[in-house]
Amino acid sequence: MRWNVTQPETGPAPREPDVQSPAESPVPSAAAPAPAPAPAPAAQAAPAAQAPGGRNRRGEPRTYDFRRPTKLSREHVRVLQIAQEAFARQATTILTTFLRAGARLELVGIEQFSYDDYIVTLPNPVYISTFSLEPMAGKGMLAYPLDIAMAIVDHMLGGSGRADQPSRPMTAMETTITNHLLDRLLDEFAVSFATITEIQPALLGHEYNPQLAQAAAGSDTVMVASFTMSVGSREGDATLVLPFSSFAQALNNAASPQLSDTALAKRKRAAEALTARLNLVPVDVSVRFAPLTVSSADLLSLAVGDVLLLRHPPDAPLEVTTNDVTFAYAIASNHRRRLAAAIVPTPSAAVKDTA
């Protein structure tokens, strides 16, 4: 029997798929995704996931300027943090007392900036006070929002500080009132930094445009202490800026204190007095054979006339001990009809038969 296969009239006969080499294979379309690539060999580790531009997704990159290396060490930050926290506590008390209202100044952190980089972080306008750091060179700077500065004046004049405050430079009377408060804050600042160095800060002036506050050269390194400041219902960020070059040596001394000649002489006398007193303390000293270990049964069965073998080698010296610590060796001797022990050199290896 034969079967006749005829083509349908609706279209051409179907074609069998051609076998193509990989070089001739067409690019797969979106509707037909390409097969997954073969896994990489175990010896080749897959690269870490990276964000566009080659950035690691695990953390944002940080800019490091090799022309301005980090100068503020962890030890410096720790010393500054203690002083700045003390200043913040005293400033909170002074603000509350002067304004007769709830006020707070709390340290957030301490960072290193170039002066130009710090200035661009300040809003415009902002209230800036500059002060000297006698006997040190350079200037310090205290900056906080202008509306808080105006609210402080309002509180000191008996107001509530809740009204909208003007965004303008202070008048002569407002400046005088503010200076009275700032002088008191600078006194507490000097007391807080007394553990680092002695300074006598004095108020120099005020500015409202950060670009006009020339407290340092643009490339100078400054230490910026950031605070959260609140007066009544108003809150804002305050910063206290100090030149690093002026405080560098003082910070090094505070981080690793160097004693003066007077302090060193005092410590030496104390050590000598302690040594003299220790030399007079009575100490129990024993001269003994090598220790021997026996069972409880043998110890309880001892009777008069029994012989207890010490297992001490005849040519080994005796041990000179105190509080079960051997500190010398000796041999049995006599002195003026009394049994004595003559100290001998420490043997390189004490021979002890514990069998």
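## Salt bridges, sheet and aromatic cluster in a predicted model

Arg 288, Glu 319 and Asp 324 are joined to one another in a network of salt bridges. The structure described here is a predicted model.

### Salt bridges

Within the network, Arg 288 pairs with Glu 319, and the closest N and O atoms are 3.4 Å apart. This pair connects distant parts of the chain, since Arg 288 belongs to strand E9 (residues 286-288) and Glu 319 to strand E10, 31 residues apart. The two partners differ in their cover: Arg 288 counts as partly exposed at 27% relative accessibility, whereas Glu 319 is buried, with a relative accessible area of 4%.

The whole structure contains six salt bridges. One of them is formed by the side chains of Asp 147 and Arg 234, at 3.4 Å from N to O. Asp 147 lies in helix H3 (residues 146-156) and Arg 234 in strand E8, so this salt bridge ties together parts that are 87 residues apart in sequence. Asp 147 is partly exposed, at 31% relative accessibility, while Arg 234 counts as buried at 15%.

A further salt bridge brings together the side chains of Arg 168 and Glu 174, with an N to O distance of 3.0 Å. Here Arg 168 is partly exposed, with a relative accessible area of 31%. Glu 174, at 12% relative accessibility, counts as buried because the limit for that class is under 20%.

### The antiparallel sheet

Six strands make up an open sheet with antiparallel pairing, in the order E3-E7-E8-E5-E4-E6. Strand E3 (103-114) and E6 are the edge strands, each pairing on one side only. From one strand to the next, the twist averages 20°.

At one end of this order, E3 runs antiparallel to E7 and is joined to E7 by eleven bridges. Ala 103 stands opposite Val 231 in E7. Strand E7 (residues 221-231) is largely enclosed by the rest of the structure, because nine of its eleven residues are buried. E7 also pairs in the antiparallel sense with strand E8 (residues 234-243), over ten bridges. In this pairing, Val 231 has Arg 234 in E8 as its bridge partner; Arg 234 is also the residue that meets Asp 147 in a salt bridge. E7 and E8 form a hairpin with two residues between them, and Gly 232 in the turn has a positive phi of about 65°.

Strand E4 (residues 127-134) is likewise mostly covered, with seven of its eight residues buried. Six bridges connect E4 with the antiparallel strand E5 (residues 139-144), and Thr 130 has Met 141 in E5 as its bridge partner. These two strands form a hairpin with four residues between them, where Gly 138 in the turn has a positive phi of about 90°. E4 also pairs with strand E6 (residues 200-207), in the antiparallel sense and over seven bridges. Within E6, Ala 202 is the bridge partner of Ser 132, and Glu 207 is that of Ile 128.

### Aromatic pairs

Seven aromatic pairs occur in the structure. Two of them are listed in the table.

| Pair | Centre to centre | Angle between planes | Arrangement |
|---|---|---|---|
| Phe 87 and Phe 189 | 5.7 Å | 85° | edge-to-face |
| Phe 193 and Phe 247 | 6.0 Å | 70° | edge-to-face |

Phe 87 in helix H1 (residues 74-99) and Phe 189 in helix H4 (residues 172-192) are 102 residues apart, and their pair links distant parts of the chain. Phe 87 is buried, with a relative accessible area of 4%, and Phe 189 counts as buried at 1% relative accessibility.

Phe 193 lies in the loop between H4 and E6, and Phe 247 in helix H5 (residues 244-255), so their pair ties together parts that are 54 residues apart in sequence. Phe 193 counts as buried at 0% relative accessibility, and Phe 247 is buried with a relative accessible area of 0%.

Ring pairs join Phe 87, Phe 131, Phe 189, Phe 193, Phe 227 and Phe 247 into a cluster.

### A nonpolar surface patch

Phe 289, Leu 292, Val 294, Leu 299, Leu 302, Leu 308 and Leu 310 make a nonpolar surface patch of about 600 Å². Leu 310 is located in the loop between helix H7 (296-300) and strand E10 (318-322). At 36% relative accessibility, Leu 310 counts as partly exposed.

Key. Residues numbered from 1 in each chain as written. Predicted model: local features only at pLDDT ≥ 70, side-chain atom pairs only at ≥ 80, totals over all residues. Heavy atoms only, no water. Buried < 20%, exposed > 50% of the residue type's maximum accessible area, 1.4 Å probe, protein only. Pairing = 2+ DSSP bridges. Patch = residues over 30% accessible without salt bridge, like charges linked within 9 Å, V, L, I, M, F, W, Y side chains within 5 Å. Areas by Shrake-Rupley, 256 points an atom, 1.4 Å probe, with all protein chains shown as cover. Salt bridge = Lys/Arg side-chain N within 4 Å of Asp/Glu carboxyl O. Phe/Tyr/Trp six-rings, centres within 6.5 Å; stacked < 30°, edge-to-face > 60°. Axes fitted to C-alpha atoms, helices over the stretch in contact; angles between N-to-C directions.
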